[in-house]
Amino acid sequence: MAPPQRSPLRSPEPISQAASRPTRRSLLAGVAALGALGAAGCSRVATASSTEGGDLLGRLRAAGVVRLGIAGEIPFGFIDTNGELTGEAPELAKVIFKRLGVDRVQPVPTEFGSLIPGLNSQQFDVVAAGMYVNPERCEQVIFSDPDYQMLDSFIVRKGNPKGLRSYKDIVEKKAKFATGTGYAEIQYAVDAGYKESDILIVPDQVAGLNAVEAGRVDVFAGTALTVREVVKKSAKAEATEPFKPIVDGKPHVDGGAFAFRPTETKLRDAFNVELHKLKKSGELFRILKPFGFTEAEMTDLTAKELCGG
């Protein structure tokens with residue numbers, strides 16, 4: 001497995017639509033079944049674009065379909081109980097790509113850590129998984145501007161008996177710490193002084209909740225959105241107040257966005273134009289709200305800022 005990057009999908013994880021608490025494995029199984037059918041009928045596009053800025057948008061318009069790389073994570077991109085593709089990123093993609101002249105979206109499921117390699121090897125056209133923008137990823141792909149921003153939060157036992165409110169607290173109080181596969185929270189804990197080999201890595205926030213409830217760990221770290229939703233029906237655990245992790249000595253806010261191949265600047269720029277129209281009109285919030293997003297998660301952050309330049 002590749003070393004953890006500073007930002008996940010989002011970290012992204014099950015929320016309100018997952019009241020029955022499905023596991024990430026079951027979600028991925030459903031996504032894989034649908035994705036396999038879709039992928040079977042698709043050939044990969046040419047590796048190199050024939051024009052400066054890329055010609056993918058024109059080819060997508062001609063084909064009438066865009067392939068979305070998703071990671072089977074609620075609320076960011078997943079297959080619901082009716083077998084339909086949904087989530088904040090796919091629903092936003094449906095609106096924007098329709099405005100761009102592409103009527104259909106097709107899910108292509110993969111593990112979160114395979115999204116960037118899959119994008120760059122032509123397995124799909126766009127990453128639509130709520131992926132956090134960070135300098136490491138910006139060296140491999142280009143991002144739209146973020147459609148949301150996110151703070152971190154912890155799942156802890158009711159009453160937060162160890163008083164854990166930051167990664168520094170976890171280190172100082174020698175708490176047993178867990179987070180999800182590929183999550184940015186891995187690096188945040190390591191930066192605070194937690195030994196990486198001591199971190200319990202679990203598939204997702206549902207497994208993290210189970211670990212806290214069972215007493216196997218003291219705390220699970222994830223995004224504020226997914227943590228606050230997954231604990232709603234728990235009698236044993238609660239979510240801490242959202243907070244900014246410390247990155248390079250400064251409080252940090254993450255932003256999630258769509259990723260494109262570096263050659264496809266025309267597509268990325270056209271996507272951004274429509275995204276900013278949706279932000280200005282308020283339609284973006286209306287699209288994201290059903291997935292647990294609040295006004296606090298709306299943002300004017302840019303990809304340039306989060307890429308470090």
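**Exercise 1. Identify the residues that form a positive surface patch, and place one of them, arginine 165, in the fold.**

Solution. The structure considered here is a predicted model.

Step 1. Lys162, Arg165, Lys173 and Lys176 together make up a positive patch on the surface.

Step 2. Arginine 165 is found in the loop that runs between β8 (152-157) and α6 (167-172).

Step 3. The relative accessibility of arginine 165 is 55%. Exposed residues are those over 50%, and arginine 165 therefore counts as exposed.

**Exercise 2. State how many salt bridges the whole structure has, and examine the one between arginine 67 and aspartate 125.**

Solution. Side chains of opposite charge can pair when their charged atoms come close.

Step 1. Searching the whole structure gives 12 salt bridges.

Step 2. In the pair formed by arginine 67 and aspartate 125, the closest N and O atoms are 3.0 Å apart. The cut-off for a salt bridge is within 4 Å.

Step 3. Arginine 67 belongs to strand β1 (residues 65-70), while aspartate 125 sits in the loop between α4 (115-120) and β5 (126-132), so the salt bridge ties together parts that are 58 residues apart in sequence.

Step 4. Arginine 67 and aspartate 125 are both buried.

**Exercise 3. Determine whether arginine 268 and aspartate 269, which meet in a salt bridge, are buried, partly exposed or exposed.**

Solution. Step 1. The N to O distance between the side chains of arginine 268 and aspartate 269 is 2.8 Å.

Step 2. Buried means under 20% relative accessible area. Arginine 268 has a relative accessible area of 18%, and is therefore buried.

Step 3. For aspartate 269 the relative accessible area is 40%, which means that this residue is partly exposed.

**Exercise 4. Describe the salt bridge of glutamate 283 with arginine 286, and then name the residues of a salt-bridge network.**

Solution. Step 1. The closest N and O atoms of glutamate 283 and arginine 286 lie 3.0 Å apart.

Step 2. Both residues are part of helix α11 (residues 283-288), where a separation of 3 residues is about one turn of the helix.

Step 3. Glutamate 283 is partly exposed, at 27% relative accessibility.

Step 4. Elsewhere, Asp55, Arg59 and Glu264 are joined into one network by salt bridges that share partners.

**Exercise 5. Characterise the disulfide of the structure, and relate lysine 304 to one of its cysteines.**

Solution. Step 1. The structure contains 1 disulfide. Cysteine 138 and cysteine 307 form this disulfide, with their sulfur atoms 1.9 Å apart.

Step 2. The torsion about the S-S bond is about -70 degrees, so the disulfide is left-handed.

Step 3. Cysteine 138 lies in helix α5 (residues 135-138) and cysteine 307 in helix α12 (residues 303-307); the pair links distant parts of the chain, 169 residues apart.

Step 4. Cysteine 307 is partly exposed, its relative accessibility being 27%.

Step 5. Lysine 304 is also placed in helix α12. Its relative accessible area of 58% makes lysine 304 exposed.

Step 6. From C-alpha to C-alpha, lysine 304 and cysteine 138 are 9.2 Å apart in space, although 166 residues separate them in sequence.

**Exercise 6. List the buried residues of helix α7, and describe the residue that follows this helix.**

Solution. Step 1. In helix α7 (residues 184-192), the buried residues are Ala184, Glu185, Ile186, Gln187, Tyr188 and Ala189.

Step 2. Glycine 193 follows α7, and its phi is positive, near 115 degrees.

Conventions. Residues are numbered from 1 along each chain as its sequence is written. This is a predicted model: local features need pLDDT of at least 70, side-chain atom pairs count only at pLDDT 80 or more; totals for chains, interfaces and linings use all residues. Side-chain values use heavy atoms; hydrogens and water are left out. Helices (H or I, at least four residues) and strands (E, at least two) are DSSP runs, numbered from the N terminus. Buried means under 20% relative accessible area, exposed over 50%, partly exposed in between (1.4 Å probe, protein chains only). Patches are made of residues with over 30% relative accessible area and no salt bridge: like charges are joined within 9 Å, nonpolar side chains (Val, Leu, Ile, Met, Phe, Trp, Tyr) within 5 Å. Accessible areas come from the Shrake-Rupley method with a 1.4 Å probe; for residues, only the protein chains shown count as cover. Lys and Arg count as positive and Asp and Glu as negative; His and the chain ends are not counted. The place of a charge is taken as NZ of Lys, CZ of Arg, CG of Asp or CD of Glu. A disulfide is a pair of cysteine sulfur atoms within 2.5 Å.
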